[in-house]
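Q: I would like a close look at one part of this structure, and how that part sits within the rest. Could you walk me through it?

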Amino acid sequence: MTPPEPQPASNEPAVVLRGVQHSFRKFKALVDINFDVPSQSLHGFVGPNGAGKTTVLKLICTLLKPQTGKVEVFGRDVATDYLEVRRRLGFMPDHFSMYRQMTVYEYLDFFAAAYGLPLETRTKVLDDVLELTDMGGKRTELINGLSRGMQQRVGLARVLVNDPDILLLDEPASGLDPRARIELMDVLRALRSMGKTIIISSHILSELAELCDSVTIIDRGTIRYCGTMHELLDHQAEYPTYRLTPAEPLNGLRDKLGEATGIVSVEEVEGSVDVRVAFDPQQVDSNGVLRAAMDVGITVTGFARAQRHLNQAFMDLTEKGVR
Amino acid sequence: MAARGTFALVERAMRVDTRLARTHLIRLGFALLILLFVVQVQQGMANYSAPGRDVFRSMCWVNFFLLNLAGVSFFSTVITEEKEELTLGLLRMAGISPVGILLGKVTPRLLGVVLLLSVQLPFTILAITLGGVSIDQIFAAYVALLAFAVLMAGLGAFLSTVCARSSLAASLTTATLAAVFIMPYLLRDAGREMYRARDIDVVTRETIYEAAEIIERTTPLGSLDVILTTGFNDSPLSFQVIVDLSCGAILFLLAWMLFDVSTRNESQSTPARGMMALFTKRVASQSRVWNHAIVWKDFNFLTGGVTAVVIKLLAYAILMGAMSVMISNRVRTEVADNVGATLMASMLTALIVEIPIYLSRLFREELRWETWSCLTLLPKTMTRVALGKLAGVAPAFLPAIIVFTVGAFIAPKFFENYLFKRIFIREDGWYWMLQYILAVHVIVMLSLVVKWGAVPFGISVVVVPNVIFMATAGRNASIVTLATIAVCTFLMTLFFQWMIIRQLKTLAAT
């Protein structure tokens, strides 16, 4: 399982959800869910607590049967073709679902055998996944004695033993220390370069923004956004916004700039001397904004279209409070 | 603060209990059971000299049986469940003292038992009307049962405080109760044998007999018979009541005293590796998982693997060997038949006990350690997973089956003529086997929905109505009636099988 060269993302969607609704008694967990996950992509799946993320993941991995609508994994219906879907899929739940009384090797060997891998193949596969997750040195250790980060790696190794085409990871980085998180992200990048489709549900948005090709934002059981990460971050609210970097703090010049023709707002960027300048494109263009800044006496060292952070996009697209 | 904490715990437990449909269904079931007694007695009024007393006697024995079950499951987990969920520390941090926690946990359960007993009160009045029992006897019987409930609560509080796990506390409670109930018989036997062998004199023998009687009188097993004798006119505060209340209080105090020591180090409970622990370093790293992985897992981690099977076989062989020697010393004729019969009867009993215990753990352990969803994500149907798990625990029954087979070889005539033709065919053994299979299904189903007590509760749900039926109308039931019940039992077993699979699917997604 040595990482091959990165492969271009395929156009065929790995996962398709159409008109999916799901209720738990009277509680509507999902309301008309429609989205696709491109094949061989690293897809982020974000939403507030109780938004319906885990329900969607459970529907995709066949633990739940869709009440209405259709869920397909590589063209296979999860309701009818669930055994085939399970063969091509690896799901890592958000809780530590492990046989902690086993050693690392026993645990992985158990799942490899349960997936029907013959003994002669298992040795090679287990060596590969242990190497990929950097757990080779811990193979004879009891899972119970491992740290949380190590257990998370074992969990990831477990979902890899059957060489699945698609990985569903529910909060894989929760509770991990920074080093473990960074290492986990490296492993995920390596897996993506091996052509796996990875759906990752996480609350750590900064890492998702850096890692994912595409993203789905879900809130209150409905999809608020589904598309590429670039489009989401590039998407502007009402007015185009540029980030302006002055040579020194603006102080009074900020108000002066705000009074210039077509400028809608000038906001400070927390933790820097930079400001975000929003303008009305009907009245002025970006060149006009730059000219106005220099006219009021600002020495500009940087001026570029401002991208939203995923945090901001998340806040814009989701509602306050819990269901 | 401690009192407030105690009241908060009691109030919460009572509120939760009240909201659960299960609580009311159990009470309803209990009331229906008693109604069944009354109907049975009413139908055969001519055969009873004191119908009211007979109804009340049945009620008392059912109560006693259920109190024992409560002791094993309901009371013995009172503190261990908090330990297993790592919530004991939170209670301590909330400023609730050890006695507050003990009282707060034990009181609601004791009140639950009292409420269950109080359901019967209207029917006891019916018993008086039917005749043969007085209000004094009823009062004394309930005092005796309540005192026994206090003893069970005290024993449960003590054992669940000192034990780390519910399973150990429940096992020790069972062992204690078994010892108390069997002790008088063992003492009498020992006294008689030793006197025969002239190892002791008549005075010592009588002292042993007296000791046996005192032990017998400490439980309702001895006192209820006295209370239900015609003309009973003693105080309700009998020897049994005083001993049970005192022992209950002493055990509770001991639990209080040992609470800090026993609960100081809160550690996360982890699944046991069992006999595999012996091989962690030496063998496990080299041995490989079988191609039938689920069978391998459950064989090694649920039953203890080859080591546990061999140890159990040796233990059974030694025990049965010793019994065979004893029998051959005592019996002059048909030694082989007697030895063979003993082996078969003992192993049949062992199997009857072992099967529900293992099967109740089959899925419970997966749910407890949250591994069930991962297992169900394997590309296998639920039935195949379940069958794999069954095949994994099956070797645990091999020792008993092997010793039973040896017994059948030693006494083939006993096996054929007595055990098969007489017990199984003529004396409704087949009927009881069907009921047993149903009971096992009920136990497995219960193990998916309750945290503890699946085995005793499952047994009581199936066995108690059957015992009552067989003891009354069933004695004279026609083969058609029995066959109809058997068909219903079979259908109910299929229904429970379907329910188990359905529940397993639901639990995998939660």
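A: Happily! Let's begin with a right-handed β-α-β unit made by strand 7 of chain A, helix 6 (residues 178–193) of chain A and strand 8 of chain A. Please keep in mind that this is a predicted model.

Strand 7 of chain A is a good place to settle in. Five of its five residues are buried, so strand 7 of chain A is largely enclosed by the rest of the structure. In a regular strand, side chains alternate between the two faces of the sheet. Here, both faces of strand 7 of chain A are covered. Ile166(A), Leu168(A) and Asp170(A) are buried on one side, while Leu167(A) and Leu169(A) are buried on the other.

Now for the neighbours. Strands of a sheet pair through backbone hydrogen bonds, in either a parallel or an antiparallel sense. Strand 7 of chain A and strand 8 (residues 197–201) of chain A run parallel and are joined by five bridges. Within that pairing, Leu168(A) has Ile199(A) of strand 8 of chain A as its bridge partner. Strand 6 of chain A also pairs with strand 7 (residues 166–170) of chain A, in the parallel sense and over four bridges. In this pairing Gly90(A) stands opposite Leu167(A), and Phe91(A) has Leu168(A) as its bridge partner. Leu168(A) is therefore a handy residue to click on: buried in strand 7 of chain A, by the count that makes five of the five residues there buried, with Phe91(A) as a partner in one pairing and Ile199(A) in the other.

Stepping back, these strands belong to an open sheet of six strands in chain A, with the order 6-7-8-3-9-10 and mixed pairing. Its edges are strand 6 (89–92) and strand 10 (222–228) of chain A, each of which pairs on one side only. From one strand to the next, the twist averages 15°.

Helices lie across this sheet too. Helix 5 (residues 148–160) of chain A lies across strand 6 and strand 7 of chain A, and runs at about 165° to strand 6 of chain A. Helix 11 (residues 310–317) of chain A lies across strand 3 (42–46), strand 9 (214–219) and strand 10 of chain A, at about 35° to strand 9 of chain A.

There is other strand pairing in chain A that is worth a look. Strand 1 (residues 13–24) of chain A and strand 4 (residues 68–73) of chain A pair in the antiparallel sense over five bridges, with Gln21(A) opposite Thr68(A). Strand 4 of chain A is also joined by two bridges to strand 5 (residues 76–77) of chain A, again running antiparallel. There, Val73(A) has Arg76(A) as its bridge partner. The hairpin of strand 4 and strand 5 of chain A has two residues between the strands, and Phe74(A) takes a positive phi near 50° in that hairpin.

How does all this fit into the whole chain? Chain A has 11 helices and 14 strands, and its C-alpha atoms fill a box of roughly 75 × 45 × 35 Å along the principal axes. Of the 323 residues of chain A, 41% count as buried. Among contacts in chain A between residues at least 6 apart in sequence, 70% join residues at least 24 apart. The domain assignment gives domain 1 (13–234) and domain 2 (241–307) of chain A, and the C-alpha centres of these two domains are separated by 43 Å.

Finally, chain A meets a partner. The contact takes 27 residues from chain A and 26 residues from chain B. On the side of chain A that touches chain B, helix 2 (82–87) and helix 3 (104–114) of chain A each supply at least two residues. Helix 3 of chain A gives the most, with six residues. By class, that side of chain A has 15 nonpolar, six polar and six charged residues. The partner, chain B, is divided into domain 1 (2–263), domain 2 (274–427) and domain 3 (428–510).

Definitions and conventions. Residues numbered from 1 in each chain as written. Chains lettered and ligands numbered in written order. Predicted model: local features only at pLDDT ≥ 70, side-chain atom pairs only at ≥ 80, totals over all residues. Domains from an automatic or database assignment. Pairing = 2+ DSSP bridges. Axes fitted to C-alpha atoms, helices over the stretch in contact; angles between N-to-C directions. Contact = placed C-beta atoms within 7 Å. Nonpolar A, V, L, I, M, F, W, Y, C, P; charged D, E, K, R; others polar. Buried ≥ 20, exposed ≤ 12 C-beta atoms within 10 Å, placed from the backbone. Right-handed = clockwise from strand over helix to strand, strands pointing away.
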